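I opened a fresh page for this one and went looking for how the chain is put together. My notes follow, in the order I took them.

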Amino acid sequence: MYSDPKWCVALGNILQDPNSKLVELNISDNSIYDEEATVLGNALAKNKALKKLSLQNNHDITATGWVAFSVFLSNPNSSLEELNLRENCFDDEAASVLGNALANNTRLKNLDLSCTGFQPTTPAGWLAFTT
């Protein structure tokens, strides 16, 4: 399946704009792939306004996309307080990357990882969330 990332590039430009006032974004159920996850992660790393993000049910993102996306989660300037990753696919690598990125995040107050597991995530993958 092919996805056209043009919409995501346009959204990334909005998110990167230092004058952006966007505080809530729901892009659930959008068939997001690794390329879009990378664009979003890069844009969110520069965003200082967004407080709530929902990426629910975008299970076409692989570990590669989650690695690129999660970079912004460790950004001390991130304003994100709520992140909905419900119904996504996380293997051990993706879970580990997300957990490690969140280790020093002091702003995030709510993380929804419920109903994940379309790919096998073992206790070793979730262990990153305990460190």
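**Ground rule for rings.** I count rings of Phe, Tyr and Trp (its six-membered ring) as a pair if their centres lie within 6.5 Å, and I call the pair edge-to-face when the planes are over 60 degrees apart. I also keep in mind that this is a predicted model.

**Aromatic cluster.** With that rule in hand, I looked for groups of rings and found that Trp 66, Phe 69, Phe 72 and Phe 90 form one aromatic cluster. How many aromatic pairs does the structure hold? I get three. One of them joins Trp 66 and Phe 69, with 5.6 Å between the centres and 85 degrees between the planes, and is edge-to-face. I checked where these two sit: both belong to helix α3 (residues 63–70), and because they are three residues apart there, about one helical turn separates them.

Next I followed the cluster along from Phe 69. Phe 69 pairs with Phe 72 as well, again edge-to-face, at 5.0 Å centre to centre and 80 degrees between the planes.

Buried or exposed: what is Trp 66? Trp 66 has 0% relative accessibility, so I note Trp 66 as buried. Phe 69 comes out at 1% and is buried, and Phe 72, at 1% too, is likewise buried.

**The whole chain.** I stepped back for an overview. The protein chain has five helices and four strands, and reading from the N terminus the order is α-β-α-β-α-β-α-β-α. Of its 131 residues, 43% count as buried. I then looked at contacts with a separation of 6 or more: 86% of them link residues 24 or more positions apart. The exposed area of the chain is about 6800 Å², with 52% of it supplied by carbon and sulfur atoms.

**Helices α1 and α2.** I turned to helix packing. The axes of α1 (residues 6–16) and α2 (residues 34–44) come within 8 Å of each other, crossing at roughly 10 degrees. Angles under 35 degrees count as roughly parallel, and α1 and α2 are therefore roughly parallel to each other. Who meets whom? On the α1 side I list Trp 7, Cys 8, Val 9, Leu 11, Gly 12, Leu 15 and Gln 16, and on the α2 side Glu 36, Val 39, Leu 40, Ala 43 and Leu 44. By class, this contact of α1 with α2 has nine nonpolar, two polar and one charged residues.

**Helices α3 and α4.** The axes of α3 and α4 (residues 92–102) also come within 8 Å, and they cross at roughly 5 degrees. That angle makes α3 roughly parallel to α4. From α3, the residues in the contact are Ala 63, Trp 66, Val 67 and Ser 70; from α4, they are Glu 93, Ala 94, Val 97, Leu 98 and Ala 101. I sorted the contact of α3 with α4 into seven nonpolar, one polar and one charged residues. Trp 66 thus turns up twice in my notes: as a member of the aromatic cluster and in the contact with α4.

**A closer look at Ser 70.** I picked Ser 70, which lies in helix α3, for a last check. Which residues does Ser 70 touch, not counting residues up to four places away in sequence? I find Val 97, Leu 98 and Ala 101, and these appear on the α4 side of the helix contact. Ser 70 has 2% relative accessibility, so Ser 70 goes down as buried.

Conventions
Residues numbered from 1 in each chain as written. Predicted model: local features only at pLDDT ≥ 70, side-chain atom pairs only at ≥ 80, totals over all residues. Heavy atoms only, no water. Phe/Tyr/Trp six-rings, centres within 6.5 Å; stacked < 30°, edge-to-face > 60°. Buried < 20%, exposed > 50% of the residue type's maximum accessible area, 1.4 Å probe, protein only. Axes fitted to C-alpha atoms, helices over the stretch in contact; angles between N-to-C directions. Parallel < 35°, antiparallel > 145°, perpendicular 65-115°, else oblique. Contact = heavy atoms within 4.5 Å. Nonpolar A, V, L, I, M, F, W, Y, C, P; charged D, E, K, R; others polar. Areas by Shrake-Rupley, 256 points an atom, 1.4 Å probe, with all protein chains shown as cover.
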